[in-house]
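I am opening a notebook page on this structure, to look up its pockets, cavities, cores and charged pairs in turn.

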Amino acid sequence: MITPLPRDASSQDKRRHYQETLKIIQHLIAEERDWITILSTVCCELHQRFDYFHWTGFYRVVEPALMKAGPYQGGHGCLTIPFHRGVCGAAATTHETQLVEDVNTFTDHIACSSTTQSEIVVPVLNKENAVIAVLDVDSDLPAAFDQTDKEQLEYLATMLKEKAPLL
Ligand code: SME
């Protein structure tokens, strides 16, 4: 039985929980080569283990400057995101994590759910340092994500870099 990390966990408990989660993910995908299977496994584990993750998923680069949804967990997300749109597009374009405490302050935020209040989007690069996907996590809580989430999800993105396909 997985006990999800509560929103009000201490920074130390959050870091420890991430380390446990990433170790489990590393074990689960160690021998896996199928990219979609890897992404599906990552979403599943993250979504179940963090109580404040209300939408957890990937947008994959399917052609220059265009992303498509999935795999993901949570309510249905928008299917297509061009690089010039949304928080995901900003992460894909800048190769920088977007940590958004209040989505209402982010120009051109794409609201897949009216209940989303905060969001973090981390770019996933391949070995050629091309963006191959973004990891998008939404929360219905305000300012749900902090530097620990950023640091740990960026570490997860480096774990995926080794397995990411070339464009
Ligand atoms: N909020 C994202 C779109 C994806 S839905 O949140 C799942 C954005 O602004 O890019």
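Entry 1, the pocket. How many nonpolar, polar and charged residues does the lining of the largest pocket have? Working from a predicted model, I find four nonpolar, four polar and four charged residues in that lining. I looked up the space in the largest pocket and noted about 180 Å³. Helix H4 gives the largest share of the lining, five residues, and strand S5 also supplies at least two. Among the lining residues I wrote down His95, Glu96, Val122, Pro123, Lys150, Glu154 and Lys161.

Entry 2, the cavity. I then looked for enclosed space and found one cavity of 30 Å³ or more, with a volume of about 120 Å³. Its lining has 14 residues, and those nearest the centre are Cys88, Ile110, Cys112, Glu119 and Asp136. By class I count seven nonpolar, four polar and three charged residues in this lining. Helix H3 provides the largest share, three residues, while strand S1 and strand S6 each supply at least two.

Entry 3, the cores. The largest nonpolar core holds 30 residues, and I noted Leu46, Phe58, Leu153, Leu156 and Leu160 as those with the most contacts inside it. Helices H1, H2 and H4 and strands S5 and S6 each give at least two residues to this core, with the largest share, six residues, coming from H2. Apart from this core I found another, of 17 residues, which includes Ala69, Ala92, Val103 and Val131.

Entry 4, the charged pairs. I count seven salt bridges in the structure, and looked up three of them. Arg16 pairs with Asp13, with the closest N and O atoms 3.1 Å apart; because the two are three residues apart in helix H1, about one helical turn separates them. Arg16 is partly exposed, at 39% relative accessibility, and Asp13 is partly exposed too, at 35%.

Which residues are linked with Lys14 in a network of salt bridges? They are Asp146 and Asp149. The bridge from Lys14 to Asp146 spans 3.2 Å, N to O. Asp146 sits in the loop between S6 and H4 and Lys14 in helix H1, so this pair ties together parts that are 132 residues apart in sequence. For the bridge from Lys14 to Asp149 I noted 2.6 Å, N to O, and this pair links H1 with H4 across 135 residues.

Are Lys14 and Asp149 buried or exposed? Both are buried, and for Lys14 the relative accessibility is 4%, whereas Asp146, at 30%, counts as partly exposed.

Definitions and conventions. Residues are numbered from 1 along each chain as its sequence is written. This is a predicted model: local features need pLDDT of at least 70, side-chain atom pairs count only at pLDDT 80 or more; totals for chains, interfaces and linings use all residues. Side-chain values use heavy atoms; hydrogens and water are left out. A nonpolar core is a set of buried Ala, Val, Leu, Ile, Met, Phe, Trp, Tyr and Cys residues joined through side-chain atoms within 4.5 Å. Buried means under 20% relative accessible area, exposed over 50%, partly exposed in between (1.4 Å probe, protein chains only). Helices (H or I, at least four residues) and strands (E, at least two) are DSSP runs, numbered from the N terminus. On a 1 Å grid over the protein atoms alone, a cavity is a set of points where a 1.4 Å probe fits but cannot get out, and a pocket is an open set with protein on both sides within 12 Å along at least five of seven lines; lining residues have an atom within 4 Å of a point. Grid points are joined across faces, edges and corners, and a volume is the space filled by probe spheres set on the points. Ala, Val, Leu, Ile, Met, Phe, Trp, Tyr, Cys and Pro count as nonpolar, Asp, Glu, Lys and Arg as charged, and the others, Gly among them, as polar. A salt bridge is a side-chain nitrogen of Lys or Arg within 4 Å of a carboxyl oxygen of Asp or Glu.
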